[in-house]
Amino acid sequence: MYSRLLRLHTPTLVTHMTVLVVGIILASMAFFFASTYFMRQGFEDQVHGELETMRNVVEDLLGNIRIRLVREASLLAASDKLCNALTSRDYATLKTFAQNAMFAANASFTTIIDEHGIVLARGHSSKKGDDIGQQPFLRRALDGEITVDLVRLHNNGLSVAVAVPVFVSGHQVGVLLFGDAFRTNAFVDEVKSVTSLEMSIFDQDMRISTTILHDGKRAVGTKLASQEVRQAVLEDKLPYVGDMPVFGRMYYSLYWPVRSDMGNTLGIWVVGTQLEDMERASHRIAFACLGSTLVITVIVSILGILFFRSVVNPLERKAYVDGLTGITNRTGFEKSLKRAFVKQSGKGALFIIDLDDFKDVNDNLGHPEGDAVLIHTAHMLKTVFRGTDIVARLGGDEFIVYAPDMESVDIVMIKLKHFLELIQKTYDLPGGGRLTVTASVGVAFFPAHGGTYKSLYNSADVALYAAKKKGKNHYVLYDDATHMAALGDQTS
């Protein structure tokens with residue numbers, strides 16, 4: 001009887017099991033595709049937010065360049081040597097001055113122009129005598145106004161440039177123009193070192209600078225392939241974000257307009273991250289889900305969440321940690337500073353540190369040694385300051401520290417003297433001679449010298465400017481009464 005019942009019910013059992021297995025497989029597939037869709041949407045939303053943060057990083061780095069150029073140009077334009085050479089039309093001296101100014105300011109071009117807009121000398125070229133004074137950017141400088149902006153210059157292409165009037169006895173005798181041309185790739189390389197993202201700069205729709213390689217070399221001189229991006233950014237002047245193929249590889253990228261202060265759209269900024277690793281991992285998850293039960297599907301979904309976190313968390317780290325030194329970058333510093341302002345109960349001290357003669361290290365000993373100096377500086381800052389202090393690299397050879405609840409001027413001076421002793425390092429140059437790397441430091445106190453980050457930074461920057469004017473290996477504390485009070489230095 002039992003065998004007969006078994007024979008009668010076996011087809012039903014097989015049918016139910018078949019339906020169950022098929023249901024599990026279909027449920028697994030449905031669960032997988034749904035989870036993949038929502039995971040992808042979550043990934044895109046998160047990465048979109050992080051790319052917007054990277055956009056702020058790019059804008060911050062550009063702002064640092066503008067501040068540096070204005071500071072350097074203002075000092076050089078006040079030089080008696082330049083004023084005398086312009087007055088006497090001493091072309092040989094002007095040529096030498098232009099070359100020295102370009103190297104001293106770590107600029108990619110330098111031009112000296114007379115009061116009529118005629119080029120008298122270039123530090124980067126032997127060409128002279130042409131009239132470039134008709135550009136609106138330069139017209140403002142010829143009218144006596146210091147100007148700094150994103151411009152397109154005939155000889156240097158898309159650049160960030162500063163033009164400073166030169167006066168003798170109240171009469172304008174010329175203009176000092178210099179800046180950084182993006183075609184040198186220095187800017188995109190710095191962005192990648194800070195964020196680990198790929199970056200490109202387009203002059204209109206022509207790629208003039210990039211970290212992306214094509215056929216073993218930088219993909220400079222290639223055109224923007226997407227008409228959709230061209231329409232959105234260059235014509236509609238709006239940011240664009242999404243998947244985009246670049247030389248056969250998929251990138252999730254953010255595009256936004258390169259705009260001058262006058263509102264002209266000159267080109268396109270692009271930052272992006274490659275999606276190859278994510279796609280490869282997604283395929284592995286797909287095969288696992290399709291060959292498993294609902295239980296395995298749940299496990300794989302958990303792994304998918306972990307995978308999601310493994311992609312986004314490194315991107316968050318790229319947004320807030322300096323890729324070379326391992327300390328906080330500008331964006332992470334500002335985020336941490338907001339929390340510090342809320343939590344602190346007393347005063348705080350802001351330190352801006354700028355290395356002296358750092359360019360000479362790169363020029364004479366090479367960039368690897370320069371990177372070692374930056375890493376050493378970061379380590380010394382972490383050694384001197386407390387674990388609760390916020391230590392960061394702003395970019396290039398500029399560092400910043402905020403020490404909450406630090407009220408004593410004496411303690412600040414002790415820390416600065418200790419740091420200046422530790423950072424000082426001497427190198428033997430290949431051709432003979434020696435090079436000593438030191439630092440200049442500007443300090444301001446919260447809230448006495450600024451109740452916001454911007455005002456406090458400006459005060460510390462004024463103090464740093466005063467330290468630079470005093471010479472190398474100095475520190476200056478900002479004094480609210482006198483504006484600049486040199487309270488001590490390492491060499492005294």
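Helix H11 passes helix H12 in a right-handed crossing, and that is a good place to start looking around this predicted model. From there, this briefing visits a second helix pair, an open sheet of five strands, and two separate nonpolar cores.

**Helix H11 with helix H12**
- H11 covers residues 367-384 and H12 covers residues 409-423; the two pack with their axes 10 Å apart, at an angle of about 150 degrees.
- Angles over 145 degrees count as roughly antiparallel, and H11 and H12 are therefore roughly antiparallel to each other.
- On the H11 side, the contact is made by His 376, Thr 377, Met 380, Leu 381 and Val 384.
- H12 answers with Lys 415, His 418, Phe 419, Leu 422 and Ile 423.

**Helix H2 with helix H3**
- Here the crossing is left-handed, with axes that come within 8 Å and cross at roughly 145 degrees.
- Lys 81, Leu 82, Ala 85 and Leu 86 are the H2 residues that meet Thr 93, Leu 94 and Phe 97 of H3.

**The five-stranded sheet**
- Reading across the open sheet, the strand order is S2-S1-S5-S4-S3, and the pairing is antiparallel.
- Strands S2 (119-122) and S3 (147-153) stand at the edges with a single partner strand each, so one side of each has no neighbour in the sheet.
- On average, neighbouring strands of the sheet are turned by 30 degrees against each other, ignoring direction.
- Strand S1 (residues 109-114) is joined to S2 by three bridges in the antiparallel sense; Ile 112 has Ala 121 in S2 as its bridge partner.
- H2 (residues 80-88) packs on this sheet and touches S1, S2, S4 (157-168) and S5 (171-181), and its direction makes about 80 degrees with that of S4.
- H3 (residues 91-104) lies across S1 and S2, and runs at about 145 degrees to S1.

**The nonpolar cores**
- The largest nonpolar core has 53 residues, and those touching the most other members are Phe 178, Phe 182, Phe 187, Met 199, Ile 201, Trp 269 and Val 271.
- Helix H1 (residues 2-77) gives the most to this core, contributing 11 residues.
- Which residues is Phe 187 in contact with, leaving aside its neighbours within four places in sequence? They are Val 58, Leu 61, Leu 62, Ile 65, Phe 182, Met 199, Ile 201 and Trp 269.
- A second, separate core holds 34 residues, among them Val 384, Ala 403, Leu 416 and Leu 420.
- Val 384 links back to the opening topic, as one of the H11 residues in the contact with H12.

Definitions and conventions: Residues are numbered from 1 along each chain as its sequence is written. This is a predicted model: local features need pLDDT of at least 70, side-chain atom pairs count only at pLDDT 80 or more; totals for chains, interfaces and linings use all residues. Side-chain values use heavy atoms; hydrogens and water are left out. Two strands pair if DSSP finds at least two bridges between them. Helices (H or I, at least four residues) and strands (E, at least two) are DSSP runs, numbered from the N terminus. Axes are lines fitted to C-alpha atoms, for helices over the stretch in contact, and angles run from 0 to 180 degrees between N-to-C directions. Contact means heavy atoms within 4.5 Å. A nonpolar core is a set of buried Ala, Val, Leu, Ile, Met, Phe, Trp, Tyr and Cys residues joined through side-chain atoms within 4.5 Å. Buried means under 20% relative accessible area, exposed over 50%, partly exposed in between (1.4 Å probe, protein chains only). Angles under 35 degrees count as roughly parallel, over 145 as roughly antiparallel, 65 to 115 as roughly perpendicular and the rest as oblique. A crossing is left-handed if the near helix is turned anticlockwise from the far one by less than a right angle, and right-handed if clockwise.
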